[in-house]
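Subject: Handover of a protein model

Dear colleague,

Please find below the structure that I am handing over to you. My findings follow directly after it.

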Amino acid sequence: GSSSDNKVYALDAVTGRQRWSFFTGGPVRLAPTVHRNRLFFGSDDGFVYCLKAEDAGLIWKLRPGPNDERLLGNENMISRWPIRTNVLVDGDIAYFTAGIFPHENVYVCAVRADDGTVVWKNDNISEAEAYRNEFSPQGYMLAGGTQLFVPSGRALPVGFDRTTGRVVFRSNYGWRGEEAGGLIGGTYALLADDQIYTGT
C-alpha cells in the first residue's frame, strides 16, 4: 500500500516489476491483508476494499462511515471517517474500523469476508461516553480467542467482543496519566499468552 500516491500495487516476487496497481481516493496507510487469494485493505477515502489478489479485480468495497464528507488531512482531502487500521481477517470474518476523531464518531465493524455483508457494527462508541473518550483507532488490530484489540493513538488498546462488537476492555489510564508513568498508548501492540502489550 502507498500513502504517497493513493494506491496498492503488486510486484513480481522474482523480477520486482510491477504486475498491477489499484488506485483509491486517498492514502493507503497500512499493509493489505492477503486471505484466500483476496486482498483486503482500507483507505483514507473512507472505504474498505476487497480485491482479487491475482489481478486487482474489485470484489466489493464498503464505506463504514455515514456519508462521504471530506476534510483536509496531511495535505490531502480525506474522509471524515478514514480507515486507519488494517483489515484483520480471521476465518470468514473481516474486522476493521473507520474514523480517528472521537468527537466525530468512530466505528468498529465485522463483515463477511466473501461479500462484505455486515455482521455487526458498533457505532455508538463515542456517544456512549458523551464524546469524552480518547479512542482513536490507528494501527494493526489483534485477534484473541474471544476479543478483538484495537490500538489507539493516544490511549491503550481497546478490547471488543468478537461476536457482538461490544466494548469489553478499556484501560482507565489516559495517555497523559501521571499515575501510569507518563505517555502511554500508541499505534502498535502485541498479543501473547492472552496478555496485551503496548509501548510509548
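The protein exposes about 10,200 Å², and carbon and sulfur atoms supply 46% of that area. Please note that this is a predicted model. Of its 200 residues, 46% count as buried. The secondary structure consists of one helix and 18 strands. Among contacts with a separation of 6 or more, 40% are between residues 24 or more positions apart.

Nonpolar cores

In soluble globular proteins, nonpolar side chains tend to be buried together. In the present model, the largest nonpolar core has 15 residues. Those with the most contacts inside this core are Phe40, Val48, Trp60, Val87, Val89, Ala94 and Phe96. Three strands each supply at least two residues of the core, namely S5 (48–52), S10 (93–98) and S11 (107–112).

Valine 48 may serve as an example from this core. Not counting residues up to four places away in sequence, Val48 touches Phe41, Gly42, Trp60, Lys61, Leu62, Pro64, Ile83, Val87 and Phe96. Apart from the largest core lies another, of 13 residues, which includes Ala110, Trp120, Ile125 and Val158.

A four-stranded sheet

One open sheet has four strands in the order S9-S10-S11-S12, paired in antiparallel fashion. Its edges are strand S9 (88–90) and strand S12 (118–122); each has a single partner strand, so one side of each is left without a neighbour in the sheet. Direction ignored, neighbouring strands of this sheet are turned by 15° against each other on average. Strands S9 and S10 run antiparallel and are joined by three bridges. Valine 89 stands opposite alanine 94 in S10; both residues are also listed among those with the most contacts inside the largest nonpolar core.

A buried lysine

Is lysine 7 buried or exposed? Lysine 7 has a relative accessible area of 12%, and it is buried because the cut-off is under 20%. This residue belongs to strand S1, which covers residues 7–11. Leaving aside neighbours within four places in sequence, lysine 7 is in contact with Gly1, Ser2, Gln18, Ser21, Phe22, Phe23 and Val28.

Aromatic pairs

The structure holds eight aromatic pairs. One of them is formed by phenylalanine 41 and tyrosine 49, which are stacked at 5.2 Å centre to centre with 15° between the planes. Phenylalanine 41 and tyrosine 49 are both buried. Ring pairs link these two residues with Phe22 and Phe47 into a cluster. Phe22 is also one of the contacts of lysine 7, and Phe41 is one of those of Val48.

Another pair, phenylalanine 149 with phenylalanine 169, is edge-to-face, with 6.3 Å centre to centre and 70° between the planes. Phenylalanine 149 lies in strand S14 (residues 147–152) and phenylalanine 169 in strand S16 (residues 167–169), so this pair ties together parts that are 20 residues apart in sequence. As for burial, phenylalanine 149 is buried, with a relative accessible area of 10%, whereas phenylalanine 169 is partly exposed, at 31%.

Yours sincerely

Definitions and conventions:
Residues are numbered from 1 along each chain as its sequence is written. This is a predicted model: local features need pLDDT of at least 70, side-chain atom pairs count only at pLDDT 80 or more; totals for chains, interfaces and linings use all residues. Side-chain values use heavy atoms; hydrogens and water are left out. Buried means under 20% relative accessible area, exposed over 50%, partly exposed in between (1.4 Å probe, protein chains only). Contact means heavy atoms within 4.5 Å. Accessible areas come from the Shrake-Rupley method with a 1.4 Å probe; for residues, only the protein chains shown count as cover. A nonpolar core is a set of buried Ala, Val, Leu, Ile, Met, Phe, Trp, Tyr and Cys residues joined through side-chain atoms within 4.5 Å. Two strands pair if DSSP finds at least two bridges between them. Axes are lines fitted to C-alpha atoms, for helices over the stretch in contact, and angles run from 0 to 180 degrees between N-to-C directions. Rings of Phe, Tyr and Trp (its six-membered ring) pair if their centres lie within 6.5 Å; planes under 30 degrees apart count as stacked, over 60 as edge-to-face and the rest as tilted.
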